[in-house]
Amino acid sequence: MSVRSVRRWRALRAERREKNWSNQLTSVPAALTLIAMTQGLIRRGAVSDQLFAVLRDRILGGYLPAGAALTAERDLAAEFGVNRHAVREAVKRLQQARLVEVSHGGRTLVLDWRHTAGLDLAMGIAAADAGPSVEDLARDALEMRACIGADAARLCALRCSEATAGEIVEAAGRYARTGPDLAELGEADIAWWRLIVEGSGNVAYLLAFNSLVGGTLPVADVPDDLRTAELLDVEAHQRLAAHITARESAAAERLARELLSRSVPATPRKAVR
């Protein structure tokens, strides 16, 4: 590993896994795979996992470009000193991540991950030595969070039951009585947003919410001033609950977007190729 990779991995590992809905997006699961390479050899342990991480990073870093044939199984086994079963398991994971596909001729070809991969690859992108930076991933995840939250609030106002609407109002009341400790506010905020996302009736939004809250997207910390501005705005939480109860979907969407967008860093993102 390069010095840069080691430093980045150590910094990411130091992030806490359990944080609030504003800052929960900003943690790296403790199970982040360490790419263990020493003199070209894979360390003992979860060999196929480590080999998958190495090959994944070669693809993300452009060392194995889209359209290229993946290194032959026997050559990978020889390069890293592992058995071919471990290689096959690693390649199977690459296929599941939509990073490679087996062609009709039997060759395994590298895919363009920008066209084929899903959100589960976000961890790999952050761990790789190339590709989007952790800071850019933070902004991307927070922008996605604002979009999902806004539309979930709109749909919740349109679809949720009267019982759910009542629970959202009650949760907003509990939120108002919580704090000012940010950790406590964060926990209450997660519980409140979960009611809204579940009330939207959109399963895809719920799964994305779970990924964000669970730390699947490994990104940098939200600046304290942005997180604090969102969490301490109790009045906005209560107004949003009132909009949902009153079935004011457009107003709920606008307020939710404004509230969640406060945690999106204002610094410009690097140009996308």
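I looked first at Arg-93 in this predicted model. I found its charged end over the ring of Phe-52, at 4.0 Å from the ring centre.

I next searched for aromatic pairs and obtained a count of one. The partners are Trp-192 and Trp-193, with 5.2 Å from centre to centre and 70° between the planes. I recorded the arrangement as edge-to-face, because the angle between the planes is over 60 degrees. Are Trp-192 and Trp-193 buried or exposed? I noted both as buried.

I then turned to two helices, α7 (residues 134-159) and α9 (residues 182-200). Their axes come within 7 Å and cross at roughly 65°. I entered the crossing of α7 with α9 as left-handed. Which residues make the contact? On the α7 side I listed Gly-149, Ala-152, Ala-153, Leu-155, Cys-156 and Arg-159. On the α9 side I listed Trp-193, Ile-196, Val-197, Gly-199 and Ser-200. Trp-193 thus appears in my notes both in the aromatic pair and in this helix contact. I sorted the contact residues of α7 and α9 into seven nonpolar, three polar and one charged.

My last entry concerns Val-102, which lies in strand β3 (residues 100-102). I noted a relative accessible area of 46% for Val-102. Val-102 is therefore partly exposed, because this value falls between 20% and 50%. Leaving aside residues up to four places away in sequence, I found that Val-102 touches Gln-95, Arg-107 and Thr-108. I also looked up Ala-69, which is 33 residues from Val-102 along the chain. The C-alpha atoms of Val-102 and Ala-69 are separated by 9.5 Å.

Terms used:
Residues are numbered from 1 along each chain as its sequence is written. This is a predicted model: local features need pLDDT of at least 70, side-chain atom pairs count only at pLDDT 80 or more; totals for chains, interfaces and linings use all residues. Side-chain values use heavy atoms; hydrogens and water are left out. Rings of Phe, Tyr and Trp (its six-membered ring) pair if their centres lie within 6.5 Å; planes under 30 degrees apart count as stacked, over 60 as edge-to-face and the rest as tilted. Buried means under 20% relative accessible area, exposed over 50%, partly exposed in between (1.4 Å probe, protein chains only). A charge sits over a ring if NZ of Lys or CZ of Arg is within 6 Å of the ring centre and within 35 degrees of the ring normal. Axes are lines fitted to C-alpha atoms, for helices over the stretch in contact, and angles run from 0 to 180 degrees between N-to-C directions. Helices (H or I, at least four residues) and strands (E, at least two) are DSSP runs, numbered from the N terminus. A crossing is left-handed if the near helix is turned anticlockwise from the far one by less than a right angle, and right-handed if clockwise. Contact means heavy atoms within 4.5 Å. Ala, Val, Leu, Ile, Met, Phe, Trp, Tyr, Cys and Pro count as nonpolar, Asp, Glu, Lys and Arg as charged, and the others, Gly among them, as polar.
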